[in-house]
Amino acid sequence: MPIRVIVKRDVCIGCGVAPALCPDIFILEDGRNRILDRFSVETNDNISVGKLPEDMLDCIENAVTSCPVGGRYILREDLVSSLTLACDM
Ligand code: SF4
């Protein structure tokens, strides 16, 4: 099942951890993290929303838990409890 990831660009402080951990998914642009075009379904000044294959879950979870400001949310439509926990970060 695809994974939906939301980068809250208005919260991101551009520390660079996410792109360093997952260079195939994230990139810093204008000092804030965003999802690479090939996975992005929407990116603007405030958010970057991506739809990614499930085999990228480990890397994404690592980046989410390493984010100093909880700037990213990870949503899995098949795991509502994980969605709720992630959104509480
Ligand atoms: S880890 Fe968080 S603060 Fe750092 S670049 Fe990624 S989203 Fe931004």
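Two residues count as in contact when their C-beta atoms, placed from the backbone, lie within 7 Å. Keep that cut-off at hand for this tour of a predicted model.

**Whole chain**

Start with everything shown as a cartoon. The chain has three helices and six strands. Trace them from the start of the sequence and the order reads β-α-β-β-β-β-α-β-α. There are 89 residues in the chain, and 26% of them are buried. Now consider contacts between residues at least 6 apart in sequence: 58% of these join residues at least 24 apart.

**Colour by confidence**

Switch to pLDDT colouring. The chain average is 81, and 79% of the residues score at least 70. Strand β2, residues 26-29, has the highest confidence, with a mean of 95. Helix α3, residues 80-87, has the lowest, with a mean of 39. Select residues 79-89 as well: pLDDT is below 50 over this stretch. Beyond near neighbours in sequence, the stretch has nine contacts in the model.

**Strand β1**

Select residues 3-8, which are β1. Show the side chains and look at both faces. Ile-3, Val-5 and Val-7 make up the covered face. Arg-4, Ile-6 and Lys-8 lie on the uncovered one. Next, add β5, residues 47-52. β1 and β5 run antiparallel and are joined by six bridges. Pick out Val-5 here; Gly-50 of β5 stands opposite.

**Helix α2**

Move to residues 57-66, helix α2. Which residues of this helix are buried? Select Ile-60, Ala-63 and Val-64. Now look down the axis of α2: the buried residues fall within an arc of 100 degrees, so they line one face of the helix. Turn to the face directed away from that buried side. Exposed Asp-58 and Thr-65 are carried there.

**The nonpolar core**

Keep β1 and α2 on screen. The largest nonpolar core has 14 residues. Which of them touch the most other members? Select Val-5, Cys-22, Ile-25, Phe-26, Ile-60 and Ala-63. β1 and α2 are the elements that give two or more residues to this core. In soluble globular proteins, nonpolar side chains tend to be buried together.

**The β2-β3 hairpin**

Select β2 and then β3, residues 32-35. The two strands run antiparallel, with four bridges between them. They form a hairpin with two residues in between. Check two pairings across the hairpin. Phe-26 has Ile-35 of β3 as its bridge partner. Glu-29 stands opposite Arg-32 in β3.

Zoom in on Asp-30, in the loop between β2 and β3. Its phi is positive, at about 55 degrees, although Asp-30 is not a glycine. Is Asp-30 buried or exposed? Count the C-beta neighbours inside 10 Å: there are 8, so Asp-30 counts as exposed.

**Leu-28**

Stay in β2 and select Leu-28. This residue counts as partly exposed because it has 15 C-beta neighbours inside 10 Å. Set aside neighbours within four places in sequence, and Leu-28 is in contact with Gly-14, Gly-16, Pro-19 and Asn-33. Draw a distance from the C-alpha of Leu-28 to that of Gly-16. The separation is 6.9 Å, for residues 12 apart along the chain.

**Phe-39**

Last stop: select Phe-39, in the loop between β3 and β4, where β4 is residues 40-43. Phe-39 has 19 other C-beta atoms within 10 Å, so it is partly exposed; a residue needs 20 or more to be buried.

What is Phe-39 in contact with, leaving aside its neighbours within four places in sequence? Select Ile-25, Gly-50, Lys-51 and Leu-52. Ile-25 is also one of the core residues picked out earlier, and Gly-50 is the residue opposite Val-5. Finish with one more distance, from Phe-39 to Val-49. Their C-alpha atoms are separated by 8.4 Å, and the residues are 10 apart along the chain.

Terms used:
Residues are numbered from 1 along each chain as its sequence is written. This is a predicted model: local features need pLDDT of at least 70, side-chain atom pairs count only at pLDDT 80 or more; totals for chains, interfaces and linings use all residues. A residue is buried if 20 or more other C-beta atoms lie within 10 Å of its own, exposed if 12 or fewer, and partly exposed in between; C-beta atoms are placed from the backbone. pLDDT is the predictor's confidence in each residue, from 0 to 100. The arc is that of the directions from the helix axis to the C-beta atoms. A nonpolar core is a set of buried Ala, Val, Leu, Ile, Met, Phe, Trp, Tyr and Cys residues joined through C-beta atoms within 7 Å. Two strands pair if DSSP finds at least two bridges between them.
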